[in-house]
Amino acid sequence: MPKFGKRSRSRLDGVDSRLVRVLEEVVKYFDITVIEGLRSQERQNELVKQGKSKTKFGKHVMGRAVDIAPYPIDWKARDDFHYLGGFVLGVAMKMGVNVRWGGDWNASSLYKGQRTTKDNSFDDLVHFELKDN
């Protein structure tokens, strides 16, 4: 059974406990690595400057977002990220935690009558955040 390594576990420090609980359930079935959890405002500003983030006051700064990837990471295996995205969303829903995925920001799954995630203008396939209620 997969489990978090020391580095991934440390990257969850400061992340909202609801999101951590979801990921602890996900990792029982899906080998994942935590890329980043809580981040400083300085780092957030730098990522916006680099075009890697679109929000100056992102949820990472508040500990309400995390970036994860299937392990081992293969950045070209886009389908793996989509599979993980659906899996995380399903686990979160079952646990009663409202999560948004950066692969389908508006959670529409329908675009022009078709099931798709291609209506995104900015894909962030590693990003999961607590959705404001």
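Is Trp-101 buried or exposed? Trp-101 counts as buried, because its relative accessibility is just 5% and the cut-off for buried is under 20%. Keep in mind that you're looking at a predicted model. Here are some views to explore.

**View 1. The whole protein chain, end to end.** Let's start with the full fold. The protein chain has four helices and six strands. Follow the sequence along and you'll meet them in the pattern α-α-β-α-β-α-β-β-β-β. The radius of gyration is 14 Å, close to the 14 Å that the globule rule gives for 133 residues, so the protein chain is as compact as a globular protein of that length. If you boxed up the C-alpha atoms along the principal axes, you'd need roughly 45 × 40 × 35 Å.

**View 2. Inside and outside of the protein chain.** Here, think about what is covered and what isn't. Of the 133 residues, 42% count as buried. The accessible surface adds up to about 8200 Å², and carbon and sulfur atoms own 51% of that. Now look at who touches whom: among contacts with a separation of 6 or more, 63% are between residues 24 or more positions apart. As for charges, there are 24 positive and 18 negative ones, and the mean positions of the two groups are 1 Å apart.

**View 3. Val-20 and its surroundings.** Zoom in on helix H2, which covers residues 17-26 and includes Val-20. Val-20 has a relative accessible area of 12%, so this residue is buried. Which residues does Val-20 touch, once its neighbours within four places in sequence are set aside? They are Arg-9, Leu-12 and Val-15. You can also find Ala-65 in this view: 45 residues separate Val-20 and Ala-65 along the chain, and their C-alpha atoms are 9.8 Å apart.

**View 4. Trp-101 and Phe-128, a stacked pair.** Searching the whole structure turns up six aromatic pairs. In the pair made by Trp-101 and Phe-128, the ring centres are 6.4 Å apart and the planes sit at 15°, so the pair is stacked. Trp-101 belongs to strand S3 (residues 99-101) and Phe-128 to strand S6 (residues 127-130), so the pair ties together parts that are 27 residues apart in sequence. We already know that Trp-101 is buried. Phe-128 is buried too, with a relative accessible area of 0%.

**View 5. An aromatic cluster.** Last stop: four rings to pick out. Tyr-29, Phe-30, Tyr-83 and Phe-87 together form one aromatic cluster.

Key. Residues are numbered from 1 along each chain as its sequence is written. This is a predicted model: local features need pLDDT of at least 70, side-chain atom pairs count only at pLDDT 80 or more; totals for chains, interfaces and linings use all residues. Side-chain values use heavy atoms; hydrogens and water are left out. Helices (H or I, at least four residues) and strands (E, at least two) are DSSP runs, numbered from the N terminus. The radius of gyration is taken over C-alpha atoms; the globule rule is 2.2 Å times the number of residues to the power 0.38. Buried means under 20% relative accessible area, exposed over 50%, partly exposed in between (1.4 Å probe, protein chains only). Contact means heavy atoms within 4.5 Å. Accessible areas come from the Shrake-Rupley method with a 1.4 Å probe; for residues, only the protein chains shown count as cover. Lys and Arg count as positive and Asp and Glu as negative; His and the chain ends are not counted. The place of a charge is taken as NZ of Lys, CZ of Arg, CG of Asp or CD of Glu. Rings of Phe, Tyr and Trp (its six-membered ring) pair if their centres lie within 6.5 Å; planes under 30 degrees apart count as stacked, over 60 as edge-to-face and the rest as tilted.
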